[in-house]
Amino acid sequence: MPPTPLTSRRTLLRGALGLGAASALTACSGESTTARTAGDVTLSLWTHDPGYQAFFTKGIPAADRATDFRYHLDVTRAGAADLVTKLLAQAVAGRGTPDTVGFEIGNFPRVLRGDIAPRLLHDFTADIAAVPGLKEDLLPARTAPYSQDGRVYAFDSDTPMVVYYYRDDLFTKYGIPKDTPTWEEFAALGARAYRDHGASLCVVSTAGSDVGQLVGSFQMLLYQRGGAFFDADQNLVLDSPEAEEVLRFLCDGLRTGFVVDVSDYYGASMQTALKQGKVIGLPMAIWFKNYGLMPNVPEQKGRWRIRALPRFTDDGRTTAALGGTGFGVLTDKANTRAATEFLLATWLTHEGQVRRFTETGYLPTRRSVYQDPRLNAIRDGFCGGQRLFSLYRTLLPDVPAVHQSPDQSILYDVLAGNLLRAYHGDLTPRQALKQTAADFRDQAGR
């Protein structure tokens with residue numbers, strides 16, 4: 001659909017922003033709840049990433065034009081987990097909560113327990129419905145991680161597709177085909193590349209201190225294969241034939257050298273492996289180029305390329321999703337309406353989503369923006385001048401929804417340990433998954 005004109009959006013936003021009832025866990029007890037409807041407003045914004053601060057600050061003029069407010073930002077930055085801890089503590093205290101907060105995807109499940117989300121966060125469902133075509137244009141795969149009972153409580157920053165990165169020059173030198181269609185064929189080529197050149201074509205993290213990275217290595221291929229951790233009703237669905245297939249694939253790859261283990265995707269071990277040509281390819285999210293490759297191996301600019309993931313023989317999907325940050329608004333506050341309009345006028349407009357990609361590298365969360373000719377014309381210098389957006393557009397239908405659970409941290413902890421045991425050969429893939437499911441149910445009580 002074409003972008004909604006700002007003037008139309010301004011009219012539609014008015015009257016569409018309902019405020020929820022007060023509750024025991026509240027964002028504003030002890031603070032004024034008289035809603036501001038116009039004029040100067042200073043929004044308290046909490047985020048873990050300076051890139052988001054820069055994006056929203058630059059978007060203030062657009063928000064001023066689209067609404068009846070004149071915006072200023074008061075920004076607090078802290079670690080992703082610390083932000084949620086502080087938010088919950090301040091909500092219980094009844095003071096000092098922000099107007100807008102960015103939830104790194106792995107920390108959002110902390111507000112999914114019980115009825116915390118509807119009591120603490122503004123429900124955007126009516127706001128989405130008030131903008132013609134927006135509900136149909138938003139990718140359900142990227143509203144799912146921040147939803148509960150069909151209600152949307154945050155807007156994602158990205159559609160973090162998982163792609164395959166590879167060293168074009170070394171693939172050519174070693175005679176590795178760049179269009180190998182399946183993972184099974186790719187694994188055979190990878191075993192040969194390791195045997196002949198000491199080079200691996202896939203990576204898993206074994207950083208026991210960072211369960212997110214360790215679990216993420218497995219999660220990417222699991223979701224591509226059609227498996228999942230949880231379903232839409234927050235039920236554990238990990239123990240599946242798809243999960244067993246993927247875990248066996250990774251374990252076998254570690255034995256042949258097709259897969260190499262690193263302690264950290266971003267640290268010294270990965271940097272060394274990249275610089276020495278020991279890692280010449282890996283599946284990872286689209287943001288890894290900006291945050292993993294460019295900082296670690298800037299001298300390799302122009303040598304890397306991106307392609308769709310090889311598919312599994314029994315499944316045609318060519319991507320997965322990993323990561324994301326959802327921005328939510330605190331409910332029942334004087335600035336709830338102003339903060340909601342600010343997000344809609346910066347985060348979700350066509351122009352805002354174009355700007356978000358050009359300034360931060362994060363992909364749009366609206367289908368229509370993938371047709372924008374400006375984005376499709378961009379050539380990526382680090383990837384040898386590739387027009388990457390045409391690839392992202394073709395992968396869009398395969399992006400899976402990621403459903404979360406309030407007990408997700410329990411799963412990550414027990415899964416990480418059992419993945420390591422499987423990688424080391426102490427458990428079979430089947431045993432590791434059955435043990436994970438049993439450990440989870442024991443600790444989560446369900």
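In helix α16, the buried residues are His350, Gly352, Gln353, Val354, Arg355, Arg356, Phe357 and Thr360. The model is a predicted one, and in it this helix, spanning residues 350–360, is mostly covered, with eight of its eleven residues buried. What do the buried residues of α16 pack against? Their partners are α2 (50–58), β6 (155–156), α14 (288–296), α15 (336–346), α17 (373–376) and α18 (388–395). Right after α16 comes glycine 361, which has a positive phi, near 85 degrees.

Phe357 of α16 turns up again on the contact list of tyrosine 392. With neighbours within four places in sequence set aside, tyrosine 392 also touches Met161, Val163, Ile286, Ile306, Leu363 and Tyr370. Tyr392 is, together with Phe218 and Phe229, one of the residues with the most contacts inside the largest nonpolar core, a set of 123 residues. Helix α19 (residues 408–423) supplies the largest share of this core, at ten residues. There is also a second, separate core of 20 residues, with Leu88, Val101, Val111 and Leu120 among them. In soluble globular proteins, nonpolar side chains tend to be buried together.

Phe218 leads on to a helix pair, since α11 uses this residue in its contact with α12. Two packed helices are described by the angle between their axes and the distance between the axes. For α11 (residues 211–225) and α12 (residues 241–256), the angle is about 130 degrees and the axes are 9 Å apart. That angle falls outside the ranges for roughly parallel, perpendicular or antiparallel, so α11 and α12 are oblique to each other. The crossing of α11 past α12 is right-handed. On the α11 side, the contact involves Ser217, Phe218, Leu221, Leu222 and Arg225, while α12 brings in Glu242, Ala243, Glu245, Val246, Leu247, Phe249 and Leu250. Sorted by class, the contact of α11 with α12 comes out as eight nonpolar, one polar and three charged residues.

The loop between α11 and α12 holds glutamine 234. Its backbone is worth a look: glutamine 234 is not a glycine, yet it has a positive phi of about 70 degrees. Most residues other than glycine have a negative phi. Is glutamine 234 buried or exposed? With a relative accessible area of 18%, glutamine 234 is under the 20% cut-off, so this residue counts as buried. Aspartate 149 is another non-glycine residue with a positive phi, here about 55 degrees. Aspartate 149 also sits in a loop, the one between β4 (147–148) and β5 (151–152). Its relative accessibility is 75%, so aspartate 149 counts as exposed.

Two alanines round out the picture. Alanine 285 belongs to strand β10 (residues 281–285). Because its relative accessible area is 0%, alanine 285 is buried. Not counting residues up to four places away in sequence, alanine 285 is in touch with Pro160, Met161, Val162, Tyr165, Met220 and Leu322. Met161 is on the list for tyrosine 392 too. From alanine 285 to glutamine 353, 68 residues apart along the chain, the C-alpha separation is 18 Å. Alanine 268, in contrast, is part of helix α13 (residues 268–275). At 55% relative accessibility, alanine 268 counts as exposed. Its C-alpha atom and that of asparagine 296 are separated by 8.6 Å, with the two residues 28 residues apart along the chain.

How values were computed. Residues numbered from 1 in each chain as written. Predicted model: local features only at pLDDT ≥ 70, side-chain atom pairs only at ≥ 80, totals over all residues. Heavy atoms only, no water. Axes fitted to C-alpha atoms, helices over the stretch in contact; angles between N-to-C directions. Helix = DSSP H or I, 4+ residues; strand = E, 2+ residues; numbered from the N terminus. Parallel < 35°, antiparallel > 145°, perpendicular 65-115°, else oblique. Left-handed = near helix turned anticlockwise from the far one by under 90°. Contact = heavy atoms within 4.5 Å. Nonpolar A, V, L, I, M, F, W, Y, C, P; charged D, E, K, R; others polar. Core = buried A, V, L, I, M, F, W, Y, C linked by side-chain atoms within 4.5 Å. Buried < 20%, exposed > 50% of the residue type's maximum accessible area, 1.4 Å probe, protein only.
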